[in-house]
Amino acid sequence: MAEKDFYKTLGVAKTASDEEIKKAHRKLARKYHPDLNPGNKKAEEQFKQVQEAYDILSDADKRAKFDQYGEMWAQMPTGAPGQSGGRTSARNQNGFGGSPYVDMDASGEGVNFEDFLERMFGGGGRRGAAGQPDFGTTSRSAAPPEDIEFALDVTLEEAFRGGTKRFNVTVEDVCPECEGYGQKRNSKGQIDLNNVSACPRCRGAGRIESARSGQVNVPPGAWDGMRSKLAGQGAANGKGRRGDLYVQLHILKHSKFERDGQDLTFDISVPYTIAALGGEVSVEMLGGETRQLNVPPGVQPGQKMRLGGQGMPALRDRKAGDAYARVRIGVPRDLSEEERILLKQLAHLRNEPVRD
């Protein structure tokens, strides 16, 4: 017997993300669901295999064991809670309604589809007079709503000053018309298996795009990857209950300032005379204010001069950063004749050969 490949069963790569695995399972579970393929033993077996593959790959511990040991993974200690008598309670994240748990043994055998339907649809396993499943809307329970995360671009100046930032994002809600099945329902809220057609609202996709907009607080000193939670703004399930929306700040690169933690580094052009003799140069900080920087005599290209506490503001457990001015020596291109004579005299005094 060929060794089982759960990744191949779901049609995903071994490097697939949790979301890719979830989407693949949702698509295949809908395709091979027994009540959408009545009397089709092959589809029923494929459905069982899809459920087994998802049970393993959606669990981080099981997936790691499978990647390491292959089919022998089940014989390795997992320490996973909820195991008793060789049975595993697996999270059902297919996104199209029902109880979040499906019971199956470690090999995927012995799945009770009547019990599965009962759990998934809150009574969906019951049969009507025509022998079809009763998908009545009054007894069907909804899958849990999904949390959504997205990145929000923020300029370095905005992260420095702080404030509020507006956002617009599109999420995929479970279609409330078909509750994620993608199938049209009759006047009683039931799926007619003798006349299956696409849901007119989602056009068979099971999901509909929905816009979310609002604003998020950007605290002064915010860093790249900082997350904010907006309760009740995530994707909706078939009953309209929404998950949460997580906003992750993405600090954009700046044309002048480089950031390292709360410290900032920027280049300054120092005239060659000041670099040699010392003096002051004006520098514009990230916040827009101008400061005078004292340059010591003999400063070298690439040397950094520290401006204490002039970096990003303190935030949470991070103290205020420093700013570092990195020296670039400015050499004039438009020397006057008098300047050229003086520089030649200086070169002669230093015994430095220069072009006549």
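**Figure 1. The whole chain and its contacts.** Residues 24 or more positions apart make up 59% of the chain's contacts with a separation of 6 or more. Please keep in mind as you browse these views that this is a predicted model. The chain holds 8 helices and 13 strands. Of its 356 residues, 40% count as buried. The exposed area comes to about 20,200 Å², and 47% of that is supplied by carbon and sulfur atoms.

**Figure 2. A negative patch on the surface.** Here you can see E19, E20, E172 and E209, which together form a negative surface patch. One of these residues, E20, belongs to helix α2, which covers residues 18-32. E20 counts as partly exposed because its relative accessibility is 45%, and partly exposed means between 20% and 50%.

**Figure 3. G182 in its loop.** This view takes you to the loop between β4 (163-174) and β5 (207-218), where G182 lies. The relative accessibility of G182 is 1%, so this glycine counts as buried; the cut-off for buried is under 20%. Look for G204 as well: G182 and G204 are 22 residues apart in sequence, yet their C-alpha atoms are 3.8 Å apart in space. Leaving aside residues up to four places away in sequence, G182 touches S197, A198, C199, C202, G204 and G206.

**Figure 4. A211 on strand β5.** Next comes A211, which sits in strand β5. With a relative accessible area of 68%, A211 is exposed. Residues up to four places away in sequence aside, A211 touches V169 and T170. D173 is also worth finding in this view: A211 and D173 are 38 residues apart along the chain, and 9.7 Å separates their C-alpha atoms.

**Figure 5. R316 and its positive phi.** R316 is not a glycine, but its phi is positive, at about 55 degrees. You will find R316 in the loop between β12 (304-307) and β13 (323-330). R316 counts as exposed because its relative accessibility is 64%, and exposed means over 50%.

**Figure 6. N351 after helix α8.** The last view shows N351, in the segment that follows α8 (337-349). N351 has a positive phi of about 55 degrees, although this residue is not a glycine. Its relative accessible area is 68%, so N351 is exposed.

Technical notes. Residues are numbered from 1 along each chain as its sequence is written. This is a predicted model: local features need pLDDT of at least 70, side-chain atom pairs count only at pLDDT 80 or more; totals for chains, interfaces and linings use all residues. Side-chain values use heavy atoms; hydrogens and water are left out. Patches are made of residues with over 30% relative accessible area and no salt bridge: like charges are joined within 9 Å, nonpolar side chains (Val, Leu, Ile, Met, Phe, Trp, Tyr) within 5 Å. Accessible areas come from the Shrake-Rupley method with a 1.4 Å probe; for residues, only the protein chains shown count as cover. A salt bridge is a side-chain nitrogen of Lys or Arg within 4 Å of a carboxyl oxygen of Asp or Glu. Lys and Arg count as positive and Asp and Glu as negative; His and the chain ends are not counted. The place of a charge is taken as NZ of Lys, CZ of Arg, CG of Asp or CD of Glu. Helices (H or I, at least four residues) and strands (E, at least two) are DSSP runs, numbered from the N terminus. Buried means under 20% relative accessible area, exposed over 50%, partly exposed in between (1.4 Å probe, protein chains only). Contact means heavy atoms within 4.5 Å.
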